[in-house]
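Work through the exercises below with the sequence and the model open. Each task is followed by a solution in steps.

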Amino acid sequence: MIWNESRECMSRDEMMTMQGKRLAKQVNNVYHNVEFYRKKMQQLGIEPGDITRIEDISKLPYTTKDDLRDNYPFGLLAVPQSQIVRVHASSGTTGKATVVSYTRKDIEVWSECVTRELVMCGLGIDDVIQVAYGYGLFTGGLGLHYGAENLGCTTVPMSTGNTKRLVTMMEDFGATAIACTPSYLLHIGEVIEEMNALDRIKLKVAICGAEPWTETMRLQIEEKLHIHAHDIYGLSEICGPGVAADCIYHKGLHVQEDHYYPEIVSPDTLNPIADGEVGELVFTTLTKEGMPLIRYRTKDLTSIDRTPCECGRTLPRISRFKGRTDDMLIIRGVNVFPSQVEAALLEMGEVTPHYLMIVDRVNNLDTLEVQVEVEERFFSDEVKELENLTKKISAVLQSALQIAVKVKLVEPRSLERSMGKAVRVIDKRKLV
Ligand SMILES: [Zn+2]
């Protein structure tokens, strides 16, 4: 099933023509209604008339998270505030929150995109979906909620909190789908196991996002819970969840490019990068009214594939995320992403996907300790077995990361569980 075939299966030429028209209109809009963009364009000597085709996008200035913070909270609005019907905000680890404002039409477009993606994951009006993202300023809860209702699913606004109650209701309501972070789904899986509920639940699909996860983890979740797990991607600055998601073929995440135009650029030079090569993902909101953004730098690292997909959609696909430029750790001069650790651990098969990286600096030398949960049996077995496994994991991580790694095995459930985004890294070097 495809929700909006006329858009999701559009030919490349038609799509590019439409994108060009929408871009020209949007640039004209921000030039006249957002002082920030007018000034930036004037600095570059560009006028709205210079933008007529989608290829002209490379002439336009970039927007960063700092620009959003500098214009906190409503400085980038392109409409009078009376037309704003919703505000979301993401908590920053530093400084002020990033605030995003939506008009009624923005909410409709956002819901439509989420609906397209739920259909892409195989959902329809007969499904019962539990939305277990946080409801509130974070876009996850309400974003999925509106999309699911728009599709016609029976939508259960669980939010996060009592996981046992969630599993009980999953059973009682006959929930067939759940939307949450992948790390929370792992925890839900543990609780299902504890309650011996796997045979009694009807769950068939999980839509997971808001944090990077590996393909191996996705497959492990599918196997453990006997479901199909899909990746959904978004960021509040663009709309929230709904920017992209993967179809049943799992060959990358289809981007809703009629509304959110993707580019991949070099994070260093900001020059465009060829299809298939990894770079920073940049979005332009082609139709957004409330707070349109031009060439917003997401800091997420991925590549793009514009070849047709087996599902019939022509929407381009971005690959699973390699991480974020700001998630990247530099340890002894080597670039390290938490996703590399996760992939290496999961490939071994003997450990659970719960891990914590602790980076420190001892005598001016960076150190990396990785705490890994292993199955109970290793602790009841001989000490020697635990030692052997520790050595084995160290070797695997060392070869994956190319740096020395101290491994500490910990008992099941000893690392903290998160209902939102999981904490995978503690960088003590920054705390000093
Ligand atoms: Zn597809």
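Two strands count as paired if DSSP finds at least two bridges between them. Helices (H or I, at least four residues) and strands (E, at least two) are DSSP runs, numbered from the N terminus. The model is a predicted one: local features need pLDDT of at least 70, side-chain atom pairs count only at pLDDT 80 or more, and totals for chains, interfaces and linings use all residues. Residue numbers start from 1 along each chain as its sequence is written.

**Exercise 1. The mixed sheet**

Task: give the strand order of the open sheet of 9 strands, and find its edges.

Solution.
Step 1. The order is β4-β3-β5-β6-β7-β8-β9-β14-β13, and the pairing is mixed.
Step 2. The edges are β4 (154-156) and β13 (304-305); each has a single partner strand, so one side of each lacks a neighbour in the sheet.
Step 3. At one of these edges, β13 pairs with strand β14 (residues 317-318) in the antiparallel sense over 2 bridges. Aspartate 305 is placed opposite arginine 317 of β14.
Step 4. Helix α5 (residues 104-120) lies across β6 (205-209), β7 (228-235), β8 (240-246) and β9 (253-255), and runs at about 30° to β8.

**Exercise 2. The antiparallel sheet**

Task: for the open sheet of 4 strands, state the order and name the edge strands.

Solution.
Step 1. The strands follow the order β10-β11-β12-β15, with antiparallel pairing.
Step 2. β10 (260-265) and β15 (323-324) are the edge strands, each pairing on one side only.
Step 3. Inside this order, strand β11 (residues 279-285) is joined to strand β12 (residues 296-302) by 4 bridges in the antiparallel sense. Glutamate 280 faces leucine 301 in β12 as its opposite residue.

**Exercise 3. The partners of β18**

Task: describe how β18 pairs with β19 and with β21.

Solution.
Step 1. Strand β18 (residues 351-362) and strand β19 (residues 365-374) are antiparallel and share 9 bridges. Aspartate 360 has threonine 367 of β19 as its bridge partner.
Step 2. The hairpin of β18 and β19 has 2 residues between the strands, and asparagine 363 takes a positive phi near 50° there.
Step 3. β18 and strand β21 (residues 425-427) run parallel and are joined by 3 bridges. Here methionine 357 stands opposite valine 425.

**Exercise 4. The two domains**

Task: locate the domains and describe the side of domain 1 that touches domain 2.

Solution.
Step 1. Domain 1 covers 1-325 and domain 2 covers 329-430; such bounds come from an automatic or database domain assignment. The C-alpha centres of the two domains are 30 Å apart.
Step 2. Domain 1 puts 16 residues into the contact and domain 2 puts in 14, where two residues are in contact if their C-beta atoms, placed from the backbone, lie within 7 Å.
Step 3. On the domain 1 side, α8 (182-194) and α9 (215-225) each supply at least two residues. The most come from α8, with 4 residues.
Step 4. The class split on this side is 5 nonpolar, 9 polar and 2 charged residues. Ala, Val, Leu, Ile, Met, Phe, Trp, Tyr, Cys and Pro count as nonpolar, Asp, Glu, Lys and Arg as charged, and the others, Gly among them, as polar.

**Exercise 5. Helix packing**

Task: classify the packing of α9 with α10, α10 with α12 and α7 with α8.

Solution.
Step 1. Set the conventions. Axes are lines fitted to C-alpha atoms, for helices over the stretch in contact, and angles run from 0 to 180 degrees between N-to-C directions. Under 35 degrees counts as roughly parallel, over 145 as roughly antiparallel, 65 to 115 as roughly perpendicular, and the rest as oblique.
Step 2. The axes of α9 and α10 are 8 Å apart, at an angle of about 45°; the two helices are therefore oblique to each other. Thr216, Met217 and Gln220 of α9 meet Glu342, Ala343, Leu346 and Glu347 of α10. This contact has 3 nonpolar, 2 polar and 2 charged residues.
Step 3. Helix α10 (residues 338-348) and helix α12 (residues 383-401) have axes that come within 10 Å and cross at roughly 140°, which makes α10 oblique to α12. Gln340, Val341, Ala344 and Met348 of α10 touch Ile393, Val396, Leu397, Ala400 and Leu401 of α12. The split is 8 nonpolar, 1 polar and no charged.
Step 4. The axes of helix α7 (residues 163-173) and α8 come within 10 Å and cross at roughly 70°; α7 and α8 are therefore roughly perpendicular. Thr163, Lys164, Leu166 and Val167 of α7 contact His187, Ile188, Val191 and Ile192 of α8.
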